[in-house]
Amino acid sequence: MKILILRFSSIGDIVLTTPVIRAVKQQVAGAVLHFATKPAFRGIVENNP
């Protein structure tokens, strides 16, 4: 299953969204997660396992 997470607003919102990403990955077997955000915020999520 492919899941796209969209988060375009502030840096704080993106940081607070990261636990949700982890929880979805753990609970949905075979999930492939993609995160879309503004280029300025890419560094926050690109190294998140």
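**Close-up views of a β-α-β-α chain**

**View 1. Leu4 and its partner across the strands.** In strand S2, His34 is the residue that bridges to Leu4. This is a predicted model, in which local features need pLDDT of at least 70 and side-chain atom pairs count only at pLDDT 80 or more, while totals for chains, interfaces and linings use all residues. Residues are numbered from 1 along each chain as its sequence is written, and side-chain values use heavy atoms, with hydrogens and water left out. Leu4 belongs to strand S1 and His34 to strand S2; strands (E, at least two residues) and helices (H or I, at least four) are DSSP runs numbered from the N terminus. Leu4 is exposed, at 55% relative accessibility, while His34 is partly exposed, with 42%. On this scale, buried means under 20% relative accessible area and exposed over 50%, with partly exposed in between (1.4 Å probe, protein chains only). Setting aside neighbours within four places in sequence, His34 touches Ile3, Leu4 and Ile5, a contact being heavy atoms within 4.5 Å. Ile21 is 13 residues from His34 in sequence, and their C-alpha atoms are 9.3 Å apart.

**View 2. The parallel pair S1 and S2.** Strand S2 covers residues 32-36 and runs parallel to S1, with five bridges joining them; strands pair if DSSP finds at least two bridges between them. Between these strands, the chain passes from S1 through H1 to S2 in a right-handed β-α-β crossover. Right-handed here means that, with the strands pointing away from the viewer, the path from the first strand over the helix to the second runs clockwise. Look for Ile3 as well, which stands opposite Leu33 in S2.

**View 3. The start of strand S1.** Strand S1 spans residues 2-6, and Lys2 is part of it. Is Lys2 buried or exposed? Lys2 is exposed, because its relative accessible area is 73%. Although 29 residues separate Lys2 from Ala31 in sequence, their C-alpha atoms are 5.8 Å apart in space.

**View 4. A nonpolar patch on the surface.** Leu4, Leu6 and Phe8 together make a nonpolar surface patch of about 320 Å². Patch members have over 30% relative accessible area and no salt bridge; nonpolar side chains (Val, Leu, Ile, Met, Phe, Trp, Tyr) are joined within 5 Å, like charges within 9 Å. Leu4, met in the opening view as the partner of His34, thus returns here as one of the patch residues.

**View 5. Thr18 and Pro19 in helix H1.** Helix H1 runs over residues 11-27 and includes Thr18; Pro19 sits in H1 too. Thr18 is buried because its relative accessible area is 11%, whereas Pro19 is partly exposed, at 42%. Beyond its neighbours within four places in sequence, Thr18 makes contact with Val45 and Asn48. Asn48 also offers a distance from Pro19: the two are 29 residues apart along the chain, with 10 Å between their C-alpha atoms.

**View 6. Thr37 in the loop before H2.** Thr37 is in the loop that links S2 to helix H2 (42-45). Which residues does Thr37 contact, leaving aside its neighbours within four places in sequence? They are Arg7, Phe8, Ile14, Arg42 and Val45. Thr37 counts as buried because its relative accessible area is 19%. Val45 is a contact of Thr37 and also of Thr18 in the previous view.

**View 7. The salt bridge of Arg42.** Arg42 and Glu46 form a salt bridge, their closest N and O atoms 3.2 Å apart. The rule asks for a side-chain nitrogen of Lys or Arg within 4 Å of a carboxyl oxygen of Asp or Glu, and the count by this rule is one. Arg42 is exposed, with 55% relative accessibility, and Glu46 is partly exposed, with 47%.

**View 8. Stepping back to the whole chain.** Two helices and two strands make up the secondary structure, following the pattern β-α-β-α along the sequence. The C-alpha atoms fill a box of roughly 30 × 15 × 15 Å along the principal axes. Of the 49 residues, 18% are buried. The exposed area of the chain is about 3,700 Å², with 61% of it supplied by carbon and sulfur atoms; accessible areas come from the Shrake-Rupley method with a 1.4 Å probe, and for residues only the protein chains shown count as cover. Among contacts between residues at least 6 apart in sequence, 68% join residues at least 24 apart.
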